[in-house]
Amino acid sequence: MAYRIPGSFAVAAVRLALERGVDLPRLLVEAGLSPISTRPDDFRLSEDQAVRLAVALRRMTGDELLGLGSAPVPRGTLHILSYAMAGVPTLREAIDRLAMLVRPLAGFPDLALEPHGEHYALRLHLPPDALLTVVGVAVADRIIGWGIGCPTPKVRVELPFPEPPNSADVSLLLGDDIRYDVEGAPALVLPASALASPIAHDEQSVVDYLARAPGAWLTGEPAPPPLAKRVRRLIEHDLARRHVTTADELAAAVVTSVPTLRRRLREEGSSLRRIRDDVLVKAAETALKTTDEPIAAIAARLGFSETSAFTRAFRRWTGESPARFRLRHRGSPAG
């Protein structure tokens, strides 16, 4: 899908660049855009154009935040922060780590995660400018969504200024549940369950994300991935930590009820049992093929109370016993 940058933000970004002394015609030429089509009322950007524009702007200014921060941010900073975020298991730990790392960095807003009724508020201490505030909250929203692999499951967004004339464009960026004129720093309000969402990224996924991030920061909210894919990631993540995720925990993680979770999975042609069985059989096959771990230990690690129950399940999945499967693939005696 070709996302478009909301018109009012494209115009505001151009005006901000002009105010900060950027040579706009040169910037547009370097980004491969036509200077002829830059009348403010007509200015529109696709995501690809925004990426090219951001790359050119970073090259011209050396500022990772493209002039949106309170001070220039040296190039490479976002890579370091993204690697740091990718190196922890859950969203809560990622937020805590980022808050600690950005505190001494000029140009970045301070972050604070605090209880907010039954939810949590991620507060961003941003410059007192409506455009920069919305952009800053949108960037935080997109980075969280990237980290957990799905759109941020926010309850609402709180902004400390009156509803602006371009509120429709703000909704495109931040969703429909926005409260204006709220006292305090702007905030993403998150359900408590979202903080346990797993983060699973490697070095290449960080590089790929940052290559597209400038445009993605200001495009409309992305469509969520299939629910089955999210549920699978949650089960795999917990299994790697030797925890067998319950249906209640899965429903809480995707901010819904268990009956609704089961219904939505049926609508996708899947089910909790099918997803869980697929994860378990792959984990079992990998262990049997590549390790000498006793079959009883594999069974316990995968959440089976008895080895015989694991054997029955494995036979149902593959048509043979774990011992026979291991012998056939490794030629070693069964454990």
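Begin by selecting Glu-158, which in this predicted model is buried, with a relative accessible area of 5%; that value falls in the buried class because the cut-off is under 20%. Glu-158 has its place in strand S5, the run that spans residues 156–158.

Next, add Arg-156 to the selection and display both side chains, since a polar contact of 3.0 Å joins those of Glu-158 and Arg-156. Then widen the view to what surrounds Glu-158 beyond its neighbours within four places in sequence: Glu-158 is in contact with His-116, Arg-123, Arg-179, Val-182, Pro-186, Ala-187 and Val-189.

Two of those names lead to the next stop, strand S7, where Ala-187 and Val-189 both lie. Glu-158 stands opposite Ala-187 in S7, and S5 and S7, which run antiparallel, are joined by three bridges.

Now select S7 itself, residues 187–191, and look along the strand. Five of its five residues are buried, so S7 is largely enclosed by the rest of the structure. Side chains alternate between the two faces of the sheet in a regular strand. In S7, Ala-187, Val-189 and Pro-191 point one way, while Leu-188 and Leu-190 point the other way, and all of these are buried.

Finally, bring in strand S4, residues 119–125, which pairs with S7 in the antiparallel sense over five bridges. To find the register of this pairing, select Ala-121, which stands opposite Val-189 in S7; Val-189 is also one of the residues in contact with Glu-158, where the tour began.

Terms used
Residues are numbered from 1 along each chain as its sequence is written. This is a predicted model: local features need pLDDT of at least 70, side-chain atom pairs count only at pLDDT 80 or more; totals for chains, interfaces and linings use all residues. Side-chain values use heavy atoms; hydrogens and water are left out. Buried means under 20% relative accessible area, exposed over 50%, partly exposed in between (1.4 Å probe, protein chains only). Helices (H or I, at least four residues) and strands (E, at least two) are DSSP runs, numbered from the N terminus. Two strands pair if DSSP finds at least two bridges between them. A polar contact is a pair of N or O atoms within 3.5 Å; within protein, one must be able to donate a hydrogen and the other to accept it, and residues adjacent in sequence count only if both atoms are side-chain atoms. Contact means heavy atoms within 4.5 Å.
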